[in-house]
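Biologist: I should be grateful for a close look at one part of this model, the sheet and what surrounds it. Please set it out as one connected account.

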Amino acid sequence: MPEQPPAQLAPSAHVTAAEISRIAGVTRATVSNWRRRHDDFPAPSAGTEASPLYDLSAVQAWLRGRGHTSAASPTEELRTALRLLGPGSGVAARLFPLVAAASRRTPEELAELAAAPDDQLIARAEKTAGELPAAVPEAEPVRYGPDDAGAVRALLGCVREAGAQAAVDVLAERELDEGAASGVYRTPEGLALLMARLLPAGASRVLDPACGSGTLLAAAARQGAQELFGQDSLPVQGRRTMVRLLLTAPEAGTAIRVGDSLRADAFPDVTVDAVLCNPPFADRDWGHDELAYDPRWAYGLPPRFESELAWVQHALAHLEPGGHAVMLLPPALAFRASGRRIRAELIRSGALRAVVSLPARAAYPLHIALQIWVFQRPEPGGTDRTTVLFVDGEGEQRGGATGTPSATDTATAGTGTRGGSRPRRSGSSSSAASSVPASPPSAASLDWAGLTDRVLAQWAAFTTAPDTYTDEPGVARAVPLVDLLDDVVDVTPARHVRATAADIDPAALARRVHDLHEQLAEQVAALAAASASGGWQPSGEAAREWRTATVSDLARGGALTVLRAATPGTRGSKGGGTAPTVDRPVLTAQDISAGNPPSSGPVDIHADATQPVAAGDVLVRAVAGGGDAPAMTRVADDQDAGALLGPHIHLLRPDPARLDPWFLAGFLGAEDNIASASTGSTLVHVTPGRLRVPLLPLEEQRRYGEAFRRVYELRAAVGRTAGLAADTAATLTTGLTAGVLLPPDTTDTPETPETPDSQSV
């Protein structure tokens, strides 16, 4: 590539007071004191009075003048250095190769390199980056300018102190913030691992033709793949993938190319054991006209608006006979009329082996429930395939009596922690007693381990003995090909796995109804206790008035500390992402809404591992929305202590000698308070510093706090009761309509001996 012009310092690089505190390694209160006590402290140059922004260069100059050496974390140092160069510098993209090269150096070598003068640092960094294998998709050597020295030095420090993957994460954040890969989505780590484990053991050569940042290829490498091929249309994604694989699979043979896989296949003569792919969705400019006579379309020319079927056939064309492709596809592909003919050919030839539906919000884009399709390239003279496996992974999230109740279901319905608000999941069964969630789960809160086990168990049983595979009604079913080849060729899993009357045991369902009624009665009693009047009294002839302070004011005064979890990269790459998987409890916004305990790992999430939750912390959801007004705040208890702080949550840590936690949570979560401190319409983003709190003595705070705690318990009891009532109603409806339950006898007349006159006609 041509030499990059020197980057200019951007006057628009701004930081908040919280970011200044992280850069300087001090508290927010200290920054506030600097502003008040030092006339030469930089004045705000942007933002608002409530949320001022400061010029980063001016702040750093002031800190240096005062002798404040940075105590920020290595990743924060790198973020700051990149922000100093401003948007449009492109330095983040050029630093990717240096990360991989630096990862091969010892900490001592990196420290020595970072200590070099700027001119020597730049020259040696270019030489170091040039040592990468030729597989890195760079047309020309990377060039760095004099103004890049600070970013290069910060990168070396980040690799030395926090690791190469942490540096890649920061660079990826910067690239996405600048819009270099806008419109693409990351693949959650849990989903990537599930897709990779659907491949047969021994799949050594794996291709991802839309590789993004390499999450799927990295998952394949963890499953034993030795040769990895990837292609992406965005150069930055190609660089990210190559660096990621150099870090996670250094011994694997890797070839990454940049270009449009459909129009300009970089591997036209390569066939592989397996393809993993999360292709672009709904791409109308995929090359329909120019590729009309392409030999890859063995199952039919993909319609203009069915780009996914072009990617499917591209994947099949790269497979060895008998090779497998696992692809993440939109649900409309399963039933759209325009793709019916190609779906029929895929089924008739035996190329389509399985379709797995995922729970809603399991992966981006969140507004649709995606599906995993498993293909196998037919072998000449191979065994005829007579069935397709369907697994409904989202049935558990929908709730309702879709399957046959099991003993485990009955035993665990309504149990759990925090007052039973989270039922246990019962293996692979889709239970009629599963609790109705307050809102759809997110990729962060989804139980990927449980979902993976359920899907893999069905897939292993099906592939081991497809002719003797036993269906599990409501969860999985093997459907004969002839039953699929009708007028619509609909391969939506929920349509085929739905339990029928023949699948339901009448006696088991009757026992289930009895158990649900008992649980509902107990919960109604608990709700009645929680809703007892308890001596609520009017405040007087008029509402009370009191002085208030904002959370920002309280933080400046040291009464509380405001912390914010890392926000996940919602615009991360399709087919790839850099979110780590943590195997410890993570408290999510969904947990706060539903009153659940922290989500158990492994959880695919950008968790703030530096800020575990402590008992007494006040948790505030950062995003509000939805029609049922779920809880916005909660006080962490001993069960929450130690959990990581998930995304989209503000954490306020009050000084217990000055603020009662429940008093704080109650007033912060008030509807008017949230509305006045939020921006947006359908989904509103809460700015915690603008929330207001009454200034009351601690003893009076505690009275209010106890009342707010009772209100919280009432809300939780309502949710549990509503969930059990919905489960009971759904189970009764299923039993009656399926003919496995009889209506109860409602006759109140006493029994009398029958006589000829009293016998009914």
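How many strands form the open sheet, in what order do they stand, and what kind of pairing is found?

Modeller: The description concerns a predicted model. The open sheet is formed by nine strands, and its pairing is mixed. Read across the sheet, the order is E6-E5-E4-E7-E8-E10-E9-E11-E12. At the edges stand strand E6 (253-258) and strand E12 (476-480), each of which pairs on one side only. Direction ignored, neighbouring strands are turned against each other by 15° on average.

One pairing within the sheet may serve as a detailed example. Strand E9 (residues 352-357) and strand E10 (residues 371-376) run antiparallel and are joined by five bridges. In this pair, Leu 352 is found opposite Phe 375 of E10.

Helices also pack on the sheet. Helix H13 (residues 307-317) touches strand E7 (272-277), strand E8 (319-329) and E10. The direction of H13 makes about 150° with that of E8. Helix H17 (residues 448-464) packs on the sheet as well, and its contacts are with E8, E9, E10, strand E11 (387-392) and E12. Between the direction of H17 and that of E11 the angle is about 165°. E8 and E10 thus appear among the strands touched by H13 and also among those touched by H17.

The loop between E7 and H13 contains Ala 282. The phi of Ala 282 is near 55°, a positive value in a residue other than glycine. Ala 282 has 59% relative accessibility and therefore counts as exposed, the threshold being over 50%. A comparable backbone feature is found at Val 489, in the loop between helix H18 (481-484) and helix H19 (493-497). Val 489 is not a glycine, yet its phi is positive, at about 50°. Val 489, however, counts as buried because its relative accessibility is 1%, and the limit for that class is under 20%.

A packing of two helices may be set beside the sheet. Helix H5 (residues 91-102) and helix H8 (residues 149-162) have axes 10 Å apart and pack at an angle of about 40°. The two helices are therefore oblique to each other, and their crossing is right-handed. H5 contributes Val 91, Leu 95, Leu 98, Val 99 and Ala 102 to the contact, while H8 contributes Ala 151, Val 152, Leu 155, Leu 156 and Val 159. By class, the residues of this contact are ten nonpolar, no polar and no charged.

Two pairs of residues separated along the chain complete the account. Glu 19, in helix H1 (residues 17-24), is buried, with a relative accessible area of 17%. Its C-alpha atom is 9.0 Å from that of Thr 80, although the two residues are 61 residues apart in sequence. Ala 510 belongs to helix H20 (residues 506-530) and counts as partly exposed at 36% relative accessibility. Between the C-alpha atoms of Ala 510 and Gly 735 the separation is 8.3 Å, with their positions 225 residues apart along the chain.

Notes: Residues numbered from 1 in each chain as written. Predicted model: local features only at pLDDT ≥ 70, side-chain atom pairs only at ≥ 80, totals over all residues. Heavy atoms only, no water. Axes fitted to C-alpha atoms, helices over the stretch in contact; angles between N-to-C directions. Helix = DSSP H or I, 4+ residues; strand = E, 2+ residues; numbered from the N terminus. Parallel < 35°, antiparallel > 145°, perpendicular 65-115°, else oblique. Left-handed = near helix turned anticlockwise from the far one by under 90°. Contact = heavy atoms within 4.5 Å. Nonpolar A, V, L, I, M, F, W, Y, C, P; charged D, E, K, R; others polar. Pairing = 2+ DSSP bridges. Buried < 20%, exposed > 50% of the residue type's maximum accessible area, 1.4 Å probe, protein only.
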